[in-house]
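Got your viewer open and a selection box ready? Let's take a walk through this one, stop by stop.

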Amino acid sequence: MLTTLFLGMELRSPVIVASGPASHDVNQISLAERHGAGAVVLKTACSDKYQHMRFWPRPRYKLLDWDKQIAGRSKQFSLYSYEQGYSGSLEDYWEFIRVCKRHAGIPIVGSIFADEAGDWAAMAAEVEMAGADAIELDISSPHRPGSLEFDTTSVAAMRAVVGRVHIPVLAKLAPGTNVLKQAEAAEQAGAHAVTLCNRLQGIDVDIESQRPILHGYYAGIGGPWAKYYTMRHIAEAYRTVHIPISGTGGAITGEDVVKYILVGASTVQVLSAILINGWETIARMNEEITGYMQRKGVDRLESIRGQAVASMTPPDNIVRWSGEPLDGTRNIWKEPGP
Amino acid sequence: MSGTQKYPGLPLLPPPFAAQQPPLAKVVEEKCIACDRCLPVCFFDALRIEERPGHALGRSAVVTAAHCTGCGLCFETCPVDAFVWVPDMSSSPSRPGTRI
């Protein structure tokens with residue numbers, strides 16, 4: 001019932017484990033599979049030039065605004081983190097993919113980060129050779145060096161990778177005002193799908209020491225609140241680009257996944273929810289999506305994809321009524337009483 | 001602020017020794033109430049519950065130092081502030097978390 005065709009892969013669920021700390025070792029792949037994930041995007045491997053990003057600050061996580069609910073019940077939190085890349089060498093990473101592929105019954109998506117187009121392409125070729133079913137280009141990590149420009153570096157990277165490998169290529173984009181333009185650029189560069197969106201960059205401050213918290217620099221910040229702008233970005237891209245969208249950022253329930261599909265996503269990547277609410281989150285999401293489908297008489301999720309976008313009201317057609325009349329009682333000035 | 005008092009959580013800043021030695025999580029077993037809240041959040045299999053005959057509750061959470069990457073999430077889940085940072089004396093440049 002939840003079977004989803006995505007980039008030629010038949011996924012048993014639209015719920016995918018996003019690249020990150022829940023996909024950095026082999027044992028997590030079987031956990032993801034056991035709990036019903038459709039696929040796993042592995043932790044991002046960085047090129048040798050960025051090998052300092054294979055080392056992580058300690059500590060690197062802080063839960064802000066957490067509702068403190070445990071046993072999978074948390075609904076509100078902000079995950080503030082300085083997440084870095086896959087901690088092994090590139091050779092370790094290719095072996096990681098090979099082992100995952102040997103043991104996993106679900107598709108494995110490699111994830112890479114580099115700067116020069118040649119490095120992107122060479123790494124992508126290794127990911128393909130190692131047996132990955134697809135590759136995601138992490139061109140938008142909140143922790144990447146700030147000097148890399150999308151219009152030059154990222155577009156060149158996408159072109160180079162698409163020209164080099166035969167497996168599907170996903171471009172993971174950052175949220176913000178440029179995301180639609182970037183999604184169009186990704187499509188033009190030949191990407192087979194876009195992943196919308198990476199996390200935002202933020203900062204929190206300890207007012208006692210008057211210093212930024214944790215590692216002392218900007219952090220990646222995400223949480224359930226991110227779903228609203230994520231859905232907006234998905235909806236915009238769905239109207240404009242013609243390649244599939246993998247939505248990510250903020251989904252913590254099956255209802256969220258349904259919403260992402262209704263605004264145009266084909267699959268939904270989940271990470272923070274697994275981290276905070278456990279691996280059971282995936283099974284719970286699948287149950288909730290199935291329950292929704294049964295209640296609404298939906299056979300396949302493809303039949304509802306983008307439904308909410310199709311019924312969006314253009315601004316010019318929004319029904320508007322008069323506001324407070326200028327001569328209404330609230331607009332007649334009265335001197336404040338004693 | 002009752003939530004904050006109930007869950008003290010991770011200190012906002014790394015411990016002072018973090019510039020010299022990578023910090024590692026450790027359980028203060030006398031404080032631990034073996035509530036199991038920390039176990040599910042550890043993505044590195046670095047937490048386990050062990051029998052402790054001398055402990056008031058007979059059991060306590062324990063950190064497997066070799067697995068701990070010092071990420072800090074377990075601190076967040078502890079309702080009794082039983083986690084502390086200790087220097088990771090075993091780290092080497094090939095190990096994640098080490099300064100290079």
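We begin inside, with an enclosed space: the second largest cavity holds about 110 Å³. Select Cys42(B), Ala46(B), Cys68(B), Cys71(B) and Cys74(B), which are the closest to its centre among the 15 residues that line it. Colour that lining by residue class and you get 11 nonpolar, 4 polar and no charged residues. Keep in mind throughout that this is a predicted model.

While you are in chain B, click on Asp45(B). Its phi is positive, about 50°, although Asp45(B) is not a glycine. To place Asp45(B), find the loop between strand E1 (23-27) and strand E2 (47-51) of chain B.

**Next stop: the big void**

How many cavities of 30 Å³ or more does the structure hold? There are 4, and the largest has a volume of about 570 Å³. Its lining takes in 43 residues, so to speak a crowd; select Ser19(A), Lys172(A), Asn198(A), Arg199(A) and Leu271(A), the closest to the centre. Now switch to a cartoon view and pick out the elements of chain A that each supply at least two residues of this lining:

- strand E7 (78-81), strand E8 (108-113) and strand E9 (134-138)
- helix H6 (227-240)
- strand E17 (267-270) and helix H8

Which element gives the largest share of the lining? That is H8(A), with 3 residues. By class, the lining of the largest cavity divides into 19 nonpolar, 18 polar and 6 charged residues.

**On to the interface**

Show both chains and select the contact residues: 27 from chain A and 31 from chain B. Chain A and chain B bury about 2,700 Å² between them, with 65% of that on carbon and sulfur atoms. On the chain A side, put Phe55(A), Arg58(A) and Lys68(A) in sticks: these lose the most area to chain B, together 31% of what that side buries.

Stay with Arg58(A) and add Asp88(B) to the selection. Their side chains meet in a salt bridge, 3.1 Å from N to O. The rule finds 2 salt bridges across this interface, along with 10 residue pairs in polar contact, both partners at pLDDT 80 or more.

For the backbone behind the chain A side, highlight strand E6 (61-64), strand E14 (211-212) and helix H8 (272-277) of chain A, the elements that give two or more residues to the surface touching chain B. The largest share, 3 residues, comes from E6(A). Sorted by class, that side has 15 nonpolar, 5 polar and 7 charged residues. You have met H8(A) before, in the lining of the largest cavity.

**Backbone oddities in chain A**

Go back to Arg58(A) and look at the peptide bond that follows. The bond from Arg58(A) to Pro59(A) is cis, with omega near -10°. Pro59(A) is found in the loop between strand E5 (45-46) and E6 of chain A.

Where is the other cis bond on this tour? Select Leu196(A) and Cys197(A): a cis peptide bond joins them, with omega about 0°. Cys197(A) has its place in the loop between strand E11 (193-196) and strand E12 (200-202) of chain A.

Then jump to Leu7(A), another residue to check on a Ramachandran plot. Leu7(A) is not a glycine, yet its phi is positive, about 55°. The loop that holds Leu7(A) runs between strand E1 (4-6) and strand E2 (9-11) of chain A.

**Last stop: a salt bridge within chain A**

Over all chains, the structure holds 17 salt bridges. For one of them, select Asp133(A) and Lys101(A), where the closest N and O atoms are 2.8 Å apart. This pair links distant parts of the chain, 32 residues apart. Asp133(A) sits in the loop between helix H3 (117-130) and E9 of chain A, while Lys101(A) belongs to helix H2 (residues 90-103) of chain A.

Notes. Residues numbered from 1 in each chain as written. Chains lettered and ligands numbered in written order. Predicted model: local features only at pLDDT ≥ 70, side-chain atom pairs only at ≥ 80, totals over all residues. Heavy atoms only, no water. Contact = heavy atoms within 4.5 Å. Buried area = accessible area lost by both parts, 1.4 Å probe. Salt bridge = Lys/Arg side-chain N within 4 Å of Asp/Glu carboxyl O. Polar contact = N/O pair within 3.5 Å; in protein donor to acceptor, adjacent residues only side chain to side chain. Helix = DSSP H or I, 4+ residues; strand = E, 2+ residues; numbered from the N terminus. Nonpolar A, V, L, I, M, F, W, Y, C, P; charged D, E, K, R; others polar. 1 Å grid on protein atoms, 1.4 Å probe; cavity = no way out; pocket = protein on both sides within 12 Å on 5 of 7 lines; lining within 4 Å. Points joined across faces, edges and corners; volume = space filled by probe spheres on them.
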